[in-house]
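Hi there,

Here is the structure I promised to pass on to you. Have a look at it first, and then read on for my notes.

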Amino acid sequence: MTIDPKYFELIQADIDGEIDDAGRAELESFLADSEEGRAVYEQLETLCRSLDGMPPVEPPPHLRHVLMNQAPVRSAPQPPSGFLRRVFAGPILGYVGMFAAGVALTLALVDSTQISKGAFDDVTSLVGAIADSEFAVPEHGTVSIDKSELAGTVTLRSTGPILIVDFDLSARQPVEIVAAYSDNTIWFNGFAQLESSGTSIAAESGAVTLNMDGKRRYAVYLNNPGMRPATIDLRFTADGQVIHEARLSFSKSD
Amino acid sequence: MSEPNDTKLMERCNNGDPQAFEMLLARYEKPVFNAAYRMLNSPDDARDVTQTVFLKVFEHLDQYDPKYRFFSWIYRITLNESINWLKKTNRLDVLDGETADTASGPEQEASNEQLSEGMQAALKTISPDYRAVIVLKHLLGCSYQEISDVLEIPEKKVKSRLYTARQLLQETLTEHGLH
């Protein structure tokens, strides 16, 4: 290359729209006489056009909700936002904010690549008691398990875009339960359990894994923002052996 | 009615106005996520970094100095967090050209999509400092002065870094028949 470096700078400044009149005049005069200069200009311009044309990527649909939930409340306590507002606004099954009932609940979120502090906060605010349903809330199906290792039910309910997988199980030995949801627009939103311990949960994209022992009642909350038909495949494992498999389905018309 | 500017929104955030948070999120969620994505080349990592960025913004609201522009502040946090993420995951080293290879060969005419993928792959081959100027210039549309503010480097250095970054990208793309 025999081009004076100052012309590289002028070429770049012109393409970036950062050149002044004097610089432009100097560049024009240089380009008029330099084929090599024109080739450099064209090459850089093409590259910049390609860079400018890189399509933006859409953030995950739930990200705004998660971010909103991590915003601190600075002044007087604010009403619950987003998902909580929706949940509290209408009748929801037995998962009501009934702290007054004195039922101690804890959360156990052990490991997650999908949950956020925000989602955790959601659940902290949401759970209060897992009581019998006193409102008419759509129930989309129940799976009954009657095995020597494990017995009880798993019920799928929904309120708005929230799917609630309600586990009421009794296990004679440690049991692992994997609940897989294939639709990648669904995301894990929270977990509540009636007992103060005994169940742990790990969430990752597309599935949650629960480990439990003894008699337990807990619920997994999933956000299905598009309220699209969804299936949740359940696999129950004890001692490394699959003891039961079942599927729960949600369809909008349910 | 015109949209409130960032400084106004930050003031309102400081007073605990959740609507102001939401407006800032609406304004910056996508650019922050995209900047992180271009820096990290992974939507999952970009999502996590975006969360961290907004958490930091919210936690340090009271430290924001309104004489500086909000976008400089949030983009600086985004790029720093992205670089920290790369360090944490031992991905700070740039990849060689072989790793950045795409399905295209010199004989194959690159479609826009291929070119875009090729560009994203080529971005991985340049160091995060160079990547940052490219992201600021071409993705976030910052001027030299704005890039200088965000990165806290002189404008002259912005120009030279941008030039080198583009040269390196050009070489990688040419090597892989995409330009």
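**The first helix of chain A**

Just after α1(A), Gly17(A) adopts a positive phi of about 70°. Please keep in mind for everything below that this is a predicted model. Helix α1 of chain A covers residues 5–15, and its buried residues are Leu10(A), Ile11(A) and Gln12(A). What do the buried residues of α1(A) pack against? Within chain A they pack against α2 (21–33) and α3 (35–52), and from chain B they meet α8.

That link to the other chain can be followed further. The axes of α1(A) and α8(B) cross at roughly 90° and come within 11 Å, so α1(A) and α8(B) are roughly perpendicular to each other. On the α1(A) side the contact is made by Phe8(A), Glu9(A) and Gln12(A), and on the α8(B) side by Lys159(B), Leu162(B) and Tyr163(B). By class, the residues of this contact of α1(A) with α8(B) are 3 nonpolar, 1 polar and 2 charged. Gln12(A) thus appears in two places in these notes: it is one of the buried residues of α1(A), and it takes part in the contact with α8(B).

**Where the two chains meet**

How many residues does each chain bring to the contact? Chain B gives 34 residues and chain A gives 31 residues. On the side of chain B that touches chain A, the elements giving two or more residues are α2 (18–40), α3 (43–59), α5 (112–124), α6 (128–139) and α8 (155–175). Of these, α2(B) gives the most, with 9 residues. The residues on this side of chain B divide into 17 nonpolar, 11 polar and 6 charged.

**Chain B**

Chain B has 8 helices and 0 strands, so to speak a plain run of α-α-α-α-α-α-α-α along the sequence. Buried residues account for 40% of its 179 residues. Among the contacts in chain B with a separation of 6 or more, 65% are between residues 24 or more positions apart.

Helix α1 of chain B (residues 6–14) packs with α2(B) at an angle of about 140°, and their axes are 7 Å apart. That angle makes α1(B) oblique to α2(B), and the crossing of the two helices is left-handed. Leu9(B), Arg12(B) and Cys13(B) of α1(B) make the contact with Ala20(B), Phe21(B), Met23(B) and Leu24(B) of α2(B). This contact has 6 nonpolar, no polar and 1 charged residues.

Further along the chain, helix α7 (residues 144–151) has Tyr144(B), Ile147(B), Asp149(B), Val150(B) and Leu151(B) as its buried residues. What covers the buried residues of α7(B)? The cover includes α4 (70–88), α6 and α8 of chain B. Glu152(B) follows α7(B) and has a positive phi, near 55°. Note that α8(B) has now come up in two settings: the buried residues of α1(A) pack against α8(B), and α8(B) is part of what covers the buried residues of α7(B).

**The strands of chain A**

Chain A has 6 helices and 11 strands. Of its 254 residues, 33% count as buried. Residues 24 or more positions apart make up 68% of the contacts in chain A with a separation of 6 or more.

Strand β8(A), residues 199–204, has two faces: Thr199(A), Ile201(A) and Ala203(A) are on the covered one, while Ser200(A), Ala202(A) and Glu204(A) are on the uncovered one. In which sense does β8(A) pair with β9(A), residues 207–223? The pairing is antiparallel, over 6 bridges. Ala202(A), from the uncovered face, stands opposite Thr209(A) in β9(A). The hairpin of β8(A) and β9(A) has 2 residues between the strands, and Gly206(A) in this hairpin takes a positive phi near 90°.

One last residue to look at is Pro174(A), which sits in strand β6 (residues 162–181) of chain A. Is Pro174(A) buried, exposed or partly exposed? With 13 other C-beta atoms within 10 Å, Pro174(A) is partly exposed. Leaving aside residues up to four places away in sequence, Pro174(A) touches Asn211(A) and Asp213(A). The C-alpha atoms of Pro174(A) and Thr199(A) are separated by 9.8 Å, with the two residues 25 residues apart along the chain.

Happy browsing, and best wishes

Methods:
Residues numbered from 1 in each chain as written. Chains lettered and ligands numbered in written order. Predicted model: local features only at pLDDT ≥ 70, side-chain atom pairs only at ≥ 80, totals over all residues. Helix = DSSP H or I, 4+ residues; strand = E, 2+ residues; numbered from the N terminus. Buried ≥ 20, exposed ≤ 12 C-beta atoms within 10 Å, placed from the backbone. Contact = placed C-beta atoms within 7 Å. Nonpolar A, V, L, I, M, F, W, Y, C, P; charged D, E, K, R; others polar. Axes fitted to C-alpha atoms, helices over the stretch in contact; angles between N-to-C directions. Parallel < 35°, antiparallel > 145°, perpendicular 65-115°, else oblique. Left-handed = near helix turned anticlockwise from the far one by under 90°. Pairing = 2+ DSSP bridges.
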